[in-house]
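Biologist: Please pick one part of this model and take me through it closely, along with whatever adjoins it.

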Amino acid sequence: MKTLHANIFLWLLAGSLAGGSLVACAQATTGAATASTATTDPAKTQLLQPMRQMMDKIKKLQPTGDPDFDYAFQTKLHTQGEQDLLKQEIQNGKDSSLKQMAQTLLTATQSDAALVDETLKQLKPSRPNQAFTQQQSRNVQAMALKLQQGGIEDKLTSDFDKNFVTILLDHRQDAIDLANTYLQYGKNATLKDYAQKLVTKAQAEMTQAKAALPKQN
């Protein structure tokens with residue numbers, strides 16, 4: 001009987017250790033992205049959360065290789081991420097000029113999203129391009145790395161408005177990179193016009209956002 005009790009004890013101990021090892025392993029394999037989510041400062045988490053949710057959705061997309069079709073989906077999700085970021089500034093920001101800028105940009109993105117949605121309905125993946133897929137995949141990977149520990153989170157402070165500008169600048173640069181890659185390979189006239197205008201608008205938005213930074217304390 002003592003032997004049985006001893007065996008049971010050993011099994012329980014082994015299970016406990018194994019469970020601990022599994023937890024440690026899971027923590028290790030999730031990498032820096034999980035570690036960064038440990039941040040509890042609302043001035044950071046409320047802005048980072050929509051960006052990470054957007055990134056998760058983009059990473060889950062299965063590329064067809066067709067530049068028009070794939071870019072339409074990518075920019076659709078990227079625009080949704082921008083909308084969620086802008087809503088956070090509108091709801092929680094303190095700087096009135098930044099809040100007004102965010103509201104103006106939100107209105108503009110709503111019409112952009114409607115255009116992309118309507119175009120997407122007319123597209124069917126039929127023209128795979130490996131060079132486009134590889135280059136756009138590198139853009140997506142670079143975007144994901146920014147949201148891991150050691151990336152943009154380390155640049156953030158306890159100032160919500162300043163954090164909003166910092167993240168918005170990165171987001172708009174990412175939009176420019178995605179659009180420029182598409183413009184090298186895209187064929188759809190509506191999407192190409194959209195991407196060209198997006199690059200110009202994003203650059204203007206970045207200039208406007210940077211000008212607001214000196215106002216932040």
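Modeller: Happily! Let's start at the largest pocket, whose volume is about 240 Å³. A pocket here is an open set of points on a 1 Å grid over the protein atoms alone, with protein on both sides within 12 Å along at least five of seven lines, and its lining residues have an atom within 4 Å of a point. Grid points are joined across faces, edges and corners, and the volume is the space filled by probe spheres set on them.

Keep in mind that this is a predicted model: local features need pLDDT of at least 70 and side-chain atom pairs count only at pLDDT 80 or more, while totals for chains, interfaces and linings use all residues. Residues are numbered from 1 along each chain as its sequence is written, and side-chain values use heavy atoms, with hydrogens and water left out.

The pocket has 16 lining residues, and Ile58, Leu61, Gln62, Pro63 and Gln74 lie nearest its centre. Helices α2, α3 (67–92) and α5 (130–146) each give two or more residues to this lining, with the largest share, six, coming from α5. Helices are DSSP runs of H or I, at least four residues long, numbered from the N terminus.

Now follow α2, residues 42–60. Its 19 residues should span 27 Å at 1.5 Å a residue, and its end C-alpha atoms are 27 Å apart, so the two agree; the expected span is 1.5 Å times one less than the number of residues. Asp41 caps the N-terminal end, placing a side-chain oxygen 2.9 Å from the backbone nitrogen of Ala43. Further along, a kink of about 30° sits at Leu48, shortly before Pro50; this bend is the angle between axes fitted to the seven residues ending there and the seven starting there.

Among the buried residues of α2 are Leu48, Pro50 and Ile58, the last of which is also among those nearest the pocket centre. Arg52, in α2 too, counts as buried because its relative accessible area is 16%, and buried means under 20% (1.4 Å probe, protein chains only). A polar atom of the Arg52 side chain lies 3.1 Å from the backbone oxygen of Leu147.

Leu147 also helps line the second largest cavity, together with residues including Met51, Met54 and Met55. This cavity, a set of points where a 1.4 Å probe fits but cannot get out, has a volume of about 100 Å³. Helix α6 (160–185) gives the most to its lining, with four residues.

How values were computed. Buried means under 20% relative accessible area, exposed over 50%, partly exposed in between (1.4 Å probe, protein chains only). A polar contact is a pair of N or O atoms within 3.5 Å; within protein, one must be able to donate a hydrogen and the other to accept it, and residues adjacent in sequence count only if both atoms are side-chain atoms.
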